[in-house]
Amino acid sequence: MSIHTFEIPAVPKERWDQLRKKLAEAVYPNELDKDVGWRYGVPSWAIKPVVKTWLDEYDWEIARAEMNRWHHYQTTIEDIAIHFIHEPSKNPNAVPLLLLNGWPSTFYEYHKVIEALRDGGSTDGQAFHVVIPSMPGYGFSEAPKQPGCGLAKVAQIMNELMMRLGYSKYCLHGSDWGAVIGKYIAIRHDDNCKGFHTIMPMFVPPAPSIANFMSRPMAVAKYCASMLFGNDMVYGVGKVKTIGRGFADIDNNEDAGYRAIQGTRPYTLSYALSDSPVGLLAWILDKFHHWTYYESGKKDEAILPETISMNELLTHVMIYWLTGNMASSARLYYEVYHDPAFHVIVSTTPIRIPVAVGVFQEEITAVPREWAEATANVQQWSEFEMGGHFPALEVSELFINDIQKFGRMLQSKNSFE
């Protein structure tokens, strides 16, 4: 039950020397003579400048000093040492807020929003007691020691963390795996979790069942029409984005390839990503490039969006490199893919607590509000014409305002009394 302080560590000299040697002596793969952009994966013209920045300019000590501004702790739950940031607000009306990230991100995804969420940011801005954990096997949390640490166990650990901090009632935000785990918490731990904010809505359409025909006949009719005429024609262009018909459905979603590998052979992949910093960088850069919004519109010509710097990307990569947690973070995909309860929890099980959805332009999933309302108590729905999978990094002000709006609504309902 003990909680002790934690400090983001320095990189030992021998480890830093090893990293620099590997970066300087990197062997780059064969490529086609013709530039094919990003169609085959990360091109060398994109990765080489980032490697050069990592080798010649990046300073872990600057990133470390920034991160150590916040209060870091560790506590052991379910025999796993869990790292987390805890920034209590001085505002008497502050709401406990759990922020969950996913892969290939880290707790650092929220570095631009911590102070604003903690302090309220303005006279009418909702303040929060901010808690940002590293999930088991991510960041500076210990990797699970036994098989089976999937959605249910991680959700239980995250809820226990909030209880241990004295927050018997709280709200949460989730992105990526944090959105899926957050949904699990919202369903299974609704005695404690009183509000769920997500940017990656995981809801299935209102199927033509008797219950749906009775409660939402127009929603069912539109869904049936979409099966005939297509989602874009019925709901609008880009209003429906799915990850395929299954977890690793590369026939309908080419982006599912990484899920197929990490969900079936995470160990085999992890040898390369644990040994090669350039390989690790490429694997992570691929997602930070493809899953983000480019204001210029010139995505194929860019390495990263204007809103995410090379240093921010490299801090995420450094956390994976320093902790060696690439293998354990990938194993979560295996645990979920082989969990028969996964599809039931994320699809048909209803959420009774208030739900808020922030829809950002380049998020990898999107559903119409009526799909979410079929199984969730949707109280807030916001659509933005920019931002992507990492809005706390990309469009931090929009992200902050949306969560504050939700927090104020929960406060008005006395959800935390």
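**Figure 1. Lys22 and Asp275 form a salt bridge in this predicted model.** Let's begin with Lys22, which is partly exposed because its relative accessibility is 26%. Its partner in this view is Asp275: the two side chains come together in a salt bridge, with an N to O distance of 3.2 Å. The pair brings together distant parts of the chain, since Lys22 belongs to helix 1 (residues 13-24) and Asp275 to helix 11 (residues 266-275), 253 residues apart. Asp275 is also partly exposed, at a relative accessible area of 47%.

**Figure 2. Glu25 pairs with Lys21 in a salt bridge.** Here the closest N and O atoms of Glu25 and Lys21 are 3.1 Å apart. Is Glu25 buried or exposed? With a relative accessible area of 52%, Glu25 is exposed, because the cut-off for that class is over 50%. For context as you look around, the structure has 17 salt bridges.

**Figure 3. A salt bridge connects Glu312 and Lys112.** The side chains meet at 3.2 Å, N to O. Glu312 sits in helix 13 (residues 310-323) and Lys112 in the loop between strand 4 and helix 4, so this pair ties together parts that are 200 residues apart in sequence. What is the relative accessibility of Glu312? The value is 8%, so Glu312 counts as buried. Lys112, on the other hand, is partly exposed, with a relative accessible area of 31%. Elsewhere, Glu7, Glu61 and Arg64 are joined into one network by salt bridges that share partners.

**Figure 4. Thr106 is buried and makes a polar contact with His316.** You will find Thr106 in the loop between strand 4 (95-100) and helix 4 (114-119). Thr106 counts as buried because its relative accessibility is 2%, and the cut-off for buried is under 20%. Which residues does Thr106 touch, not counting those up to four places away in sequence? They are Asn101, His316, Ile319 and Tyr320. With His316, the side chain of Thr106 makes a polar contact of 2.9 Å. If you zoom out to find Asp35, its C-alpha is 32 Å from that of Thr106, and the two residues are 71 apart in sequence.

**Figure 5. Helix 3 and helix 13 cross at roughly 95°.** The axes of helix 3 (residues 60-67) and helix 13 come within 11 Å. How are the two helices oriented to each other? They are roughly perpendicular, because angles of 65 to 115 degrees fall in that class. At the crossing, helix 3 contributes Trp60, Ala63 and Met67, which meet Thr315, Met318, Ile319 and Leu322 of helix 13.

**Figure 6. Trp60 and Ile185 are among the most connected members of the largest nonpolar core.** This core has 120 residues, and the ones touching the most other members are Trp60, Leu117, Trp177 and Ile185. Following Ile185 and leaving aside its neighbours within four places in sequence, you meet Leu98, Leu100, Ala155, Met158, Tyr170, Leu172, Asp190 and Cys193.

**Figure 7. Asp286 lies in helix 12 (residues 277-290).** Asp286 counts as buried because its relative accessibility is 14%. Its side chain makes a polar contact with the side chain of Lys287 at 3.0 Å. Not counting residues up to four places away in sequence, Asp286 touches Gly41 and Val42.

Technical notes: Residues numbered from 1 in each chain as written. Predicted model: local features only at pLDDT ≥ 70, side-chain atom pairs only at ≥ 80, totals over all residues. Heavy atoms only, no water. Core = buried A, V, L, I, M, F, W, Y, C linked by side-chain atoms within 4.5 Å. Buried < 20%, exposed > 50% of the residue type's maximum accessible area, 1.4 Å probe, protein only. Contact = heavy atoms within 4.5 Å. Helix = DSSP H or I, 4+ residues; strand = E, 2+ residues; numbered from the N terminus. Polar contact = N/O pair within 3.5 Å; in protein donor to acceptor, adjacent residues only side chain to side chain. Salt bridge = Lys/Arg side-chain N within 4 Å of Asp/Glu carboxyl O. Axes fitted to C-alpha atoms, helices over the stretch in contact; angles between N-to-C directions. Parallel < 35°, antiparallel > 145°, perpendicular 65-115°, else oblique.
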